[in-house]
Amino acid sequence: MKGFKQFLMRGNVVDLAVAVVIGAAFTAVVTSLVANIFTPLIAAIFGKPDFATLTFKINGSIFRYGAFINSVIAFLSVATVIYFVVVLPLKTLADRRARGQVTPQEDPVLTDEARLLTEIRDLLATRRSDA
């Protein structure tokens, strides 16, 4: 039980659980946006809000390519919304933060004199702490 408790309390598991819950809630919002905004917009342009009735038959088999078109439109709509509402703004924020930060400089190369002085300082500090 102790190992299981440690596993559950690790930051990665908790972060993942939070991400799944937020993802599920965000999915509902994006699905609503697609169903209530984009689908009627597509219907206004193409004349059909739902392509599920589009089919063709070969040797008695019914191919429902309209349902596939609906799925592709829903996927592309969700991907577009996620990109423009989540990915692009976060990337822009990260770029702005990166521009404001100074890149860390490399450690300066110490000359022989500086290295010798550093050793002397360290030795003197050691003697003081021993006394």
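Reader: Which residue forms a salt bridge with Arg-115?
Author: This is a predicted model. Side chains of opposite charge can pair when their charged atoms come close. For Arg-115, the closest N and O atoms of the pair are 3.1 Å apart. That is within the 4 Å cut-off. The partner is Asp-112.

Reader: Which helix holds both Arg-115 and Asp-112?
Author: The two residues are three apart, about one turn of the helix. The helix spans residues 112-130. It is H4.

Reader: Is Asp-112 buried or exposed?
Author: Its relative accessible area is 60%. The cut-off for exposed is over 50%. Asp-112 is therefore exposed.

Reader: What separates Lys-91 and Asp-95 along helix H3?
Author: These two form a salt bridge, with the closest N and O atoms 3.1 Å apart. Lys-91 is partly exposed at 47%, and Asp-95 is partly exposed at 35%. They are four residues apart in helix H3, so the separation is about one helical turn.

Reader: Which residue meets Asp-122 in a salt bridge?
Author: The N to O distance is 3.2 Å. Asp-122 is partly exposed at 39%. Its partner counts as exposed, at 54% relative accessibility. That partner is Arg-121.

Reader: How many salt bridges does a search of the whole structure find?
Author: One joins Lys-91 to Asp-95. Another joins Arg-115 to Asp-112. Asp-122 and Arg-121 also pair. The total is three.

Reader: What is the area of the nonpolar surface patch that includes Val-87?
Author: Val-87 is found in helix H3, residues 65-100. Val-87 counts as partly exposed because its relative accessibility is 39%. Ile-82, Tyr-83, Phe-84, Val-85 and Leu-88 complete the patch. Its area is about 510 Å².

Methods
Residues numbered from 1 in each chain as written. Predicted model: local features only at pLDDT ≥ 70, side-chain atom pairs only at ≥ 80, totals over all residues. Heavy atoms only, no water. Patch = residues over 30% accessible without salt bridge, like charges linked within 9 Å, V, L, I, M, F, W, Y side chains within 5 Å. Areas by Shrake-Rupley, 256 points an atom, 1.4 Å probe, with all protein chains shown as cover. Salt bridge = Lys/Arg side-chain N within 4 Å of Asp/Glu carboxyl O. Buried < 20%, exposed > 50% of the residue type's maximum accessible area, 1.4 Å probe, protein only.
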